[in-house]
Amino acid sequence: MRPGDELAPLVIPITRTLIVAGAVASRDYQDVHHDAELAREKGSPDIFMNILTTNGLVGRYITDRFGPGAVLRKVAIRLGAPNYPGDTMTLTGTVTEVEAGTVRVRVTGANRLGHHVTGSVTVELPVEVPR
């Protein structure tokens with residue numbers, strides 16, 4: 001693993017169920033995450049994904065790529081374009097730093113509207129014990 005290495009992308013279909021389940025699981029009961037009519041009344045074309053669900057998907061992306069022993073030490077993300085039902089978000093990552101068992105990855109999640117999420121994740125990798 002070296003700076004500049006690209007992680008394999010993860011394509012995530014954004015379904016109504018994913019949006020609502022993520023909001024409920026994170027106890028985010030804001031109506032814009034589960035009630036399409038109220039979301040439209042507030043100016044959104046539909047319900048949209050909350051940041052806690054996005055954060056979880058970014059974490060999944062990193063741990064799926066680095067394995068079950070990987071420990072997320074820092075996740076710093078910023079939201080951009082909303083994720084609506086019917087969208088597809090593609091998460092990509094680039095290693096930016098490697099130091100003593102710790103890797104920093106720049107992460108981007110894009111959909112048809114642009115970047116839904118950008119940020120960086122610091123992950124600690126397990127130390128391999130010689131046999």
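Which residues does His116 touch, not counting residues up to four places away in sequence? In this predicted model, select His116 together with Met49, Thr54, Arg78, Leu79, Gly80, Ala81, Pro82, Asn83, Met89, Gly109, Ala110 and Asn111, which are the residues it touches outside that window. His116 itself has its place in strand E5, residues 114-124, and it counts as buried because its relative accessible area is 1%, where buried means under 20%. Display the side chains of His116 and Thr54 next, and a polar contact of 2.7 Å appears between them.

Thr54 leads on to helix H3, where it is one of the buried residues, along with Thr53, Leu57, Val58, Gly59, Tyr61, Ile62 and Phe66. Colour helix H3, residues 51-66, and check the separation of its end C-alpha atoms, which is 23 Å and agrees with the 22 Å that its 16 residues should span at 1.5 Å a residue. Show the elements that the buried residues of H3 pack against, namely strand E1, helix H1 and strands E2, E3, E4 and E5. Just after the helix, Gly67 takes a positive phi of about 100 degrees.

Staying in helix H3, select Asp64 and Arg60, which lie four residues apart, about one turn of the helix, and form a salt bridge with closest N and O atoms 3.3 Å apart.

Move then to Arg73 and Glu124, whose salt bridge has its closest N and O atoms 2.9 Å apart; this pair links distant parts of the chain, with Arg73 in strand E2 and Glu124 in strand E5, 51 residues apart. Finish at Glu97 and Arg104, whose side chains meet in a salt bridge at 2.7 Å, N to O.

Note on methods
Residues numbered from 1 in each chain as written. Predicted model: local features only at pLDDT ≥ 70, side-chain atom pairs only at ≥ 80, totals over all residues. Heavy atoms only, no water. Helix = DSSP H or I, 4+ residues; strand = E, 2+ residues; numbered from the N terminus. Buried < 20%, exposed > 50% of the residue type's maximum accessible area, 1.4 Å probe, protein only. Polar contact = N/O pair within 3.5 Å; in protein donor to acceptor, adjacent residues only side chain to side chain. Contact = heavy atoms within 4.5 Å. Expected span 1.5 Å × (residues − 1). Salt bridge = Lys/Arg side-chain N within 4 Å of Asp/Glu carboxyl O.
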